[in-house]
Amino acid sequence: MTACQRYLRTLELARSGTKLNLRQIEILLTPPDRECEKQLFDAALKLKRELLGNLVNLRGLIEFSNICSRDCFYCGIRRSNPKVARYTMSEDKILHSAALASEFGYGAVVLQSGERSDRKFTEQVTDLIKKINALPNPPAITLSCGEQSLATYRQWVNAGAKRYLLRIESSSPELFSAIHPSSASFTARKAALRRLRKAGFQTGTGVMIGLPGQTLHHLAKDIKFFRDMDVDMIGMGPFLPQEDTPMGDAANDPETIRRRFDWSLRMIAVTRLVLKDVNIASTTALQALDPENGREKGLLAGANVIMPNVGDVEYRKDYQLYNGKPALDENGEAIRKQLLDSLRRIGETPRWNSSGDPIHFIKRTGGDEKI
Ligand code: 5AD
């Protein structure tokens, strides 16, 4: 039997619904050649289309503040980067962006910011959630504002937020501590993920791919972690060194970049096969590595969510978590137009005006699972 035939046997197991062990997940992440890799992507896309249709959920992304109390070694808006001009968008501007997302038919927004846990901030977010929900035809609200107390998470759920994204960044405690200062704890991050679920959020997590020292074995464990945590949504993408951070001089030669990109697509595909009915984002970081086709390739590897920016262009340059962020000077309208063209090209359809709840969440909470 050839290596590819052996590979396809494991792929077939995944397709038939067998619960894969860690070793088998790692095998799937390691196709022996490009032809086998193509079969992996095709199998993941087929499963995505069977479970979720030819549909892509759109969420308008609003990066509403870059003020951050954390000092993550990889992130461009870390507290101790003095080069960043700090901003918080005015409430009017945020509401305007949310209304625009709804006008565009996106059906949902993601409010993302640096992490703060002071009362002024948590109350401001609560107010925002209420005001967005009071808009005519309000978009569903996803938050991405870091680790918070259970009381804060509950307050935000009660105000009307539905979903929350909090990446574990790496499920390996060693890698996690290598990329964070000692004030950040892996255990605390995991506990925050549990609190999100307890508070009633549709819960999303994810990792960065291609971190220094990270192997496919780590990434296989990440997928197992997603399954064990029973999350509803996944957002992950390549690690992109940001020059003003302690990890800014990490390897960034063409071969490393290529590997980060390939591994990211494989992670999307294998995560789809293992987790099945969750929402998986094709992230901006993928597009940063391949501006023409990155996002599209993510969708063709089994992702079903895209988060086009709807915030003001004036803030875009101050929210660069990594180098090479795409669409730095394009407004929401231009981004929307490109997005529609590219979805058409790959035979996917936007799911207009839908909040786009993950089927996984609907099932685990006992709802009607029809899409
Ligand atoms: N490269 C890729 N992704 C990054 N993020 C932050 N910095 C980088 C970087 N340099 C991701 C993290 C974070 C999310 C909001 O952005 O995974 O959770």
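## Briefing: a ligand shell and selected loop residues

Leaving out residues up to four places away in sequence, Arg79 touches Cys68, Ser69, Arg70, Asp71 and Arg86. The model in which these contacts appear is a predicted one, and it holds a chain with 15 helices and 11 strands together with a ligand whose surroundings include Arg167, Glu169 and Leu240. The points below begin with the chain as a whole, then turn to the ligand, and end with individual loop residues.

**The chain as a whole**

- A compact globule of 371 residues would have a radius of gyration near 21 Å, and the value of 19 Å found for the chain agrees with this.
- Along its principal axes, the C-alpha trace of the chain spans about 65 × 45 × 40 Å.
- Of the 371 residues, 58% count as buried, while the accessible surface of the chain comes to about 15,200 Å², with 51% of that area belonging to carbon and sulfur atoms.
- When contacts between residues at least 6 apart in sequence are considered, 76% of them join residues that are at least 24 apart.

**The ligand and its shell**

- The residues that surround the ligand are Tyr74, Cys75, Gln112, Arg167, Glu169, Met208, Pro238, Phe239, Leu240, Leu321 and Tyr322.
- Sorted by class, this shell has eight nonpolar residues, one polar residue and two charged residues.
- Both Arg167 and Glu169 place a polar side-chain atom by an oxygen atom of the ligand, with a distance of 2.8 Å for Arg167 and of 2.5 Å for Glu169.
- At Leu240 the backbone takes part, since a polar backbone atom of this residue is 2.8 Å from a nitrogen atom of the ligand.
- On its own the ligand has 410 Å² of accessible area, and the protein covers 87% of it.

**Asn304, a buried loop residue**

- Asn304 lies in the loop between helix 12 (294-300) and strand 10 (305-306), and it counts as buried because its relative accessible area is 1%, where the cut-off is under 20%.
- The side chain of Asn304 has a polar contact of 3.2 Å with the side chain of Arg272, and a polar atom of the Asn304 side chain also lies 2.7 Å from the backbone nitrogen of Ile280.
- Apart from neighbours within four places in sequence, the residues in contact with Asn304 are Lys48, Leu52, Leu55, Val56, Asn57, Arg272, Val278, Asn279, Ile280 and Leu299.

**Two asparagines with positive phi**

- Most residues other than glycine have a negative phi.
- Asn137, which is not a glycine, nevertheless has a positive phi near 55°, and its place is in the loop between helix 5 (119-133) and strand 4 (140-144).
- Asn353 is likewise not a glycine and has a positive phi of about 50°; this residue lies in the loop between strand 11 (349-350) and helix 15 (359-364).
- Asn137 counts as exposed because its relative accessibility is 55%, where the cut-off is over 50%, and Asn353 counts as exposed by that cut-off because its relative accessibility is 53%.

**Arg79 in its setting**

- Arg79, whose contacts opened this briefing, lies in the loop between strand 2 (60-65) and helix 4 (91-103).
- Arg79 and Glu348 are 269 residues apart in sequence, and the distance between them in space is 39 Å from C-alpha to C-alpha.

Notes:
Residues numbered from 1 in each chain as written. Predicted model: local features only at pLDDT ≥ 70, side-chain atom pairs only at ≥ 80, totals over all residues. Heavy atoms only, no water. Near = heavy atom within 4 Å. Polar contact = N/O pair within 3.5 Å; in protein donor to acceptor, adjacent residues only side chain to side chain. Areas by Shrake-Rupley, 256 points an atom, 1.4 Å probe, with all protein chains shown as cover. Nonpolar A, V, L, I, M, F, W, Y, C, P; charged D, E, K, R; others polar. Helix = DSSP H or I, 4+ residues; strand = E, 2+ residues; numbered from the N terminus. Rg over C-alpha atoms; globule rule 2.2 N^0.38 Å. Buried < 20%, exposed > 50% of the residue type's maximum accessible area, 1.4 Å probe, protein only. Contact = heavy atoms within 4.5 Å.
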